[in-house]
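Work through the exercises below with the sequence and the model at hand. Each task is followed by a solution in steps.

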Amino acid sequence: MKHRELGSSGLLVSPICLGTMTFGRPVEEPDAIRLIHSAIDQGINFIDTANVYEGYDRYLGSPGGTAEVIVGKALADRRDKAVLATKVCAPVGPGPQDRGLSASHILRELDRSLQRLKTDYIDLYIIHWPDKHVPLETTLHALDVAMRSGKVRCVGASNHNAAQLCEMLWIAERSGGPRMTSSQIPFSLLRREFHHDLAFCERHSIGVTPYQPLQGGLLTGKYRRGESMPAGTRGADKPEWMWELDDSLFDRLEAMESLAGELSASPARYALAWTLAQPAMSSLVVGVTRESQIQDALASLDVTLPPEHFEKLDAICPPPWQQPDPIRGGS
């Protein structure tokens, strides 16, 4: 497997990253540990979790920690084989200090994550969401303290746009603080709101590690027009986490599947291959519930889309509107 650079971090990561959001339920601990071991055995060295992940049992303000505990157990004898990412910001309780990007919350939650993960360092510590109540300088200073203590190797952002990343880079350059090395955004063929941010990330050596590259299973081909939700899928078990399955969506899915068929590729492999071909991509965060899904994700590395497919996919799933350049013309 050819590894990719994670932005300017110096870390080399597998193009597929194992996501752990569903660990706890529906993926029970023994199965989750087996999946982690299988992923590592097949060459995946990048594992993504968060202090709030606890599968379908998650509710706003619940304590979280379930996925981190599972990952810690799985990596007990193979920590050196994994580039480990976790996150901070989302609420883990009802109190005012139980959320956000203040120094108090970040440094407290970092220690709790380290304890659950049974490790003394985090390779990539990610601020999970923007926090409008805390100045970025305060957040970056707390992350600097974490890095200087040796508890964090590098830092990244999740759900931040290019303008927010730019401000953080500017503050880091001005103050000598930590530089954002990764950006984790929701991104797939069906969800391209951050499409025009990718060029910024590429120019500034920020590795993009998108989540939901299969859009909650919509891009796997398991959902069919006029058919009920298959048992054991997110659509059946957690419908509130799914998009509305209307005719417009199925029109796009069926057109995409037709193109995948031209390459004799499954819809999932085709969709992941398209995403990996986008600018600045370091690794795709893919959540799985069984080992065959790991194998299917890795098989996407062998799929190459011809140039004309990118044009056809832009017509099927258009990128967001971009203002034309009045001087140079075009868009």
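A disulfide is a pair of cysteine sulfur atoms within 2.5 Å. The model used here is predicted.

**Exercise 1.** Find how many disulfides there are by this rule, and explain why Cys201 forms no bond.

Solution.
- Start with Cys201: its closest cysteine sulfur is that of Cys166, 11 Å away, so the two are too far apart for a bond.
- Next take Cys201's exposure: its relative accessibility is 3%, so Cys201 counts as buried.
- The count for the model is 0 disulfides. Cys154 is likewise in no disulfide, and the sulfur nearest to its own, in Cys17, lies 13 Å away.
- Cys154 has 6% relative accessibility and therefore counts as buried.

**Exercise 2.** Determine which strands pair with β8 and in which direction they run.

Solution.
- Locate strand β8 at residues 180–184; 5 of its 5 residues are buried.
- On one pairing, strand β7 (residues 152–158) is joined to β8 by 3 bridges, and the two run parallel. Within this pairing, Ser158 is opposite Gln184 of β8.
- On the other, strand β9 (residues 207–208) is joined to β8 by 2 bridges, again parallel. Here Ser183 faces Val208 of β9.

**Exercise 3.** State the handedness of the β-α-β units that contain β8.

Solution.
- Follow the chain from β7 through helix α5 (residues 162–175) to β8: this unit is right-handed.
- Continue from β8 through helix α6 (residues 198–203) to β9: this unit is right-handed too.

Key
Residues are numbered from 1 along each chain as its sequence is written. This is a predicted model: local features need pLDDT of at least 70, side-chain atom pairs count only at pLDDT 80 or more; totals for chains, interfaces and linings use all residues. Side-chain values use heavy atoms; hydrogens and water are left out. Buried means under 20% relative accessible area, exposed over 50%, partly exposed in between (1.4 Å probe, protein chains only). Helices (H or I, at least four residues) and strands (E, at least two) are DSSP runs, numbered from the N terminus. Two strands pair if DSSP finds at least two bridges between them. A crossover is right-handed if, with the strands pointing away from the viewer, the path from the first strand over the helix to the second runs clockwise.
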